[in-house]
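Reader: Please pick one part of this structure and take me through it slowly, then show me what surrounds it. I'm in my first year, and plain words would help.

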Amino acid sequence: MSPFLTYAAVFLGTVGPAAVQALDNGLALTPQMGWNTWNRFGCDISEDTVVSAAKALVEHNLTAYGYEYIIMDDCWHADSRDPDTGAPRANTDRFPNGIKGVSDQVHALGLKIGIYSDAGKYTCGGKFGSLGFEEIDAKTYAEWEIDYLKYDNCFNEGQAGTPQISYDRYAKMTKALNATGRPILYSICNWGEDGPWNFAPTIANSWRISGDIMDTFDRYDERCPCTSVIDCKYAGYHCAMARIIDFAAPVLQKARKGAWNDMDIMEVGLGGMNYDEYVTHFSFWAMLKSPMLLGMDLTTMSNETLSIITNDAVIALNQDPWASPANRQWKRELPDGGNIQLWQGSLVDNQFVIALMNASPKEQTVDVEFFDAFFDQGKTYQQQPYRLFDLWQKDDKGKWGKDLGIFQGSIPNVKLGVHQTRVWLAKPAPSSSKRQEL
Ligand code: GLA
């Protein structure tokens, strides 16, 4: 059996769900973080696009926050494989030094490099896919010193429709990656088809749960037709950000250390949403333990965008070693449209995250009852006092996570702007003291 991708479903009874490590290649023990070319550049990529992004990531000190993978999505390819060997090769106009040349430059910056292919005849951008070429492709990626593979689902020749068929198609690449002996993070992108949350945790480090994201808060689009990912027959694309949160809700607990639900590359900084909406977006990708892949142009991003993506208190929710995604406690549909949602998650050291989202077109004022927030934990947790930290406000020293004081029973009168999310870190407090105004 391979040294890298073996299934280690060892449940250490005393330490909870986080102890189940599904895919034992030692990678993505917390959700992967980095940057991907696709949302901003689509097929228009080159060595310069990739290396400039890598340099910008380092210049902005984003490595200190955990961002480490630079992922080249679709369209790095030449028109055809090498006719003699069948090996994949890059477009030489756009990648004059080949993929190895890019990989060397990215590694020299202290970062890791990702590549894209497709478990089908062609990629979604119409380049050559890897179906039937798994071994030579994995071997070549390893020679190029690739650290990450995103593996798509277009032109799959009908090899889908049951979890077994999809599993077999994607597991071929698992096996091929294994055989290289190089640890390569394996990120499946089959848009939730056949329920990857059930079949992928033992063969991949993450799996996409839905059709492609669109840079909008909640705009409906016919091209993302499903209302739930359970039994969705056509994942589509142009899925609004808030819809992807809905999609994730029922399958969140399928995530494990090393095996994550991928809610897609983030849209933060791309311009389709405002500050509050991007804060909501970033907060949910963090709390729900999605890979945190940036998608804007790192070389031209605004200070506002930089400030969102460097909220280390929110990133800590994503990278929390307890590895437990937050759960939706309630969703209230509102008469004038939209809804409000209460989410809560367990963190390491008996800490919790509580989040309240206003997915409605009007400002809202809400009482957050600890009966609801700590419903899963029971009476003791519902009744005890907590010290709350507002993770989207800074303290006197400029650090994210303003101390709001002690709360017991509820967080009263929470005011939420349109599409705003408030996120609190809750630490059980020994005794109650005077409550502060929010
Ligand atoms: C699919 C994927 C996207 C992106 C494109 C590239 O649509 O879901 O994330 O990789 O293909 O063509």
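Author: Let's start at Val102, which counts as buried because it has 27 C-beta neighbours inside 10 Å. The cut-offs go like this: 20 or more other C-beta atoms within 10 Å of a residue's own make it buried, 12 or fewer make it exposed, and anything in between is partly exposed, with the C-beta atoms placed from the backbone. Keep in mind that this is a predicted model: local features need pLDDT of at least 70 and side-chain atom pairs count only at pLDDT 80 or more, while totals for chains, interfaces and linings use all residues. Residue numbers run from 1 along each chain as its sequence is written.

Val102 sits in helix α3, residues 98-108. Helices here are DSSP runs of H or I with at least four residues, strands are runs of E with at least two, and the numbering starts from the N terminus. Leaving out residues up to four places away in sequence, Val102 touches Glu47, Val50, Val51, Phe95, Asn97 and Ile113. Touching, or being in contact, means that the two C-beta atoms, placed from the backbone, lie within 7 Å. Trp38 is 64 residues from Val102 along the chain, and their C-alpha atoms are separated by 17 Å.

Trp38 takes us to the ligand. The residues around the ligand are Trp38, Asp73, Asp74, Tyr116, Thr123, Cys124, Gly125, Asp152, Cys189 and Asp212. To be near a molecule or strand, a residue needs its C-beta atom, placed from the backbone, within 6 Å of it. This shell divides into four nonpolar, two polar and four charged residues. In that scheme Ala, Val, Leu, Ile, Met, Phe, Trp, Tyr, Cys and Pro are nonpolar, Asp, Glu, Lys and Arg are charged, and the others, Gly among them, are polar.

Two of the residues around the ligand, Tyr116 and Asp152, lead us on to a pair of strands. Strand β3 (residues 112-118) and β4 run parallel, joined by five bridges. Strands pair if DSSP finds at least two bridges between them. Tyr116 has Lys150 as its bridge partner in β4. Five of the five residues of β4 are buried, so this strand is largely enclosed by the rest of the structure. Both faces are covered: Tyr148, Lys150 and Asp152 are on one side, with Leu149 and Tyr151 on the other. That fits a general habit: in a regular strand the side chains alternate between the two faces of the sheet.

Now follow the chain into the loop between β4 (148-152) and α5 (163-180), where you'll find Phe155. Its backbone is a bit unusual, since most residues other than glycine have a negative phi. Phe155 isn't a glycine, yet its phi is positive, about 50°. Phe155 is partly exposed, because 16 other C-beta atoms lie within 10 Å.

Asp349 does something similar: its phi is near 60°, positive in a residue other than glycine. Asp349 lies in the loop between β12 (339-347) and β13 (351-359). With 9 other C-beta atoms within 10 Å, Asp349 is exposed.

Both of those strands belong to an open sheet of six, in the order β11-β12-β13-β18-β15-β16, with antiparallel pairing. β11 (327-333) and β16 (400-407) stand at the edges with a single partner strand each, so one side of each has no neighbour in the sheet.

Let's zoom in on one end of that sheet. β15 (residues 386-394) and β16 pair in the antiparallel sense over six bridges. Lys394 has Trp400 as its bridge partner in β16, and Arg387 stands opposite Ile406 there. Arg387 also stands opposite Lys427 in β18; that strand (residues 421-428) pairs with β15 over five bridges, again in the antiparallel sense.

β15 and β16 form a hairpin with five residues between them, and Gly398 in the turn has a positive phi of about 85°. The loop between these strands also holds Asp395, which is exposed, with 12 other C-beta atoms within 10 Å. Setting aside residues up to four places away in sequence, Asp395 touches Gly401, Lys402 and Asp403.

So what should you compare on screen? Look at Val102, buried in our starting helix, and then at exposed Asp395.
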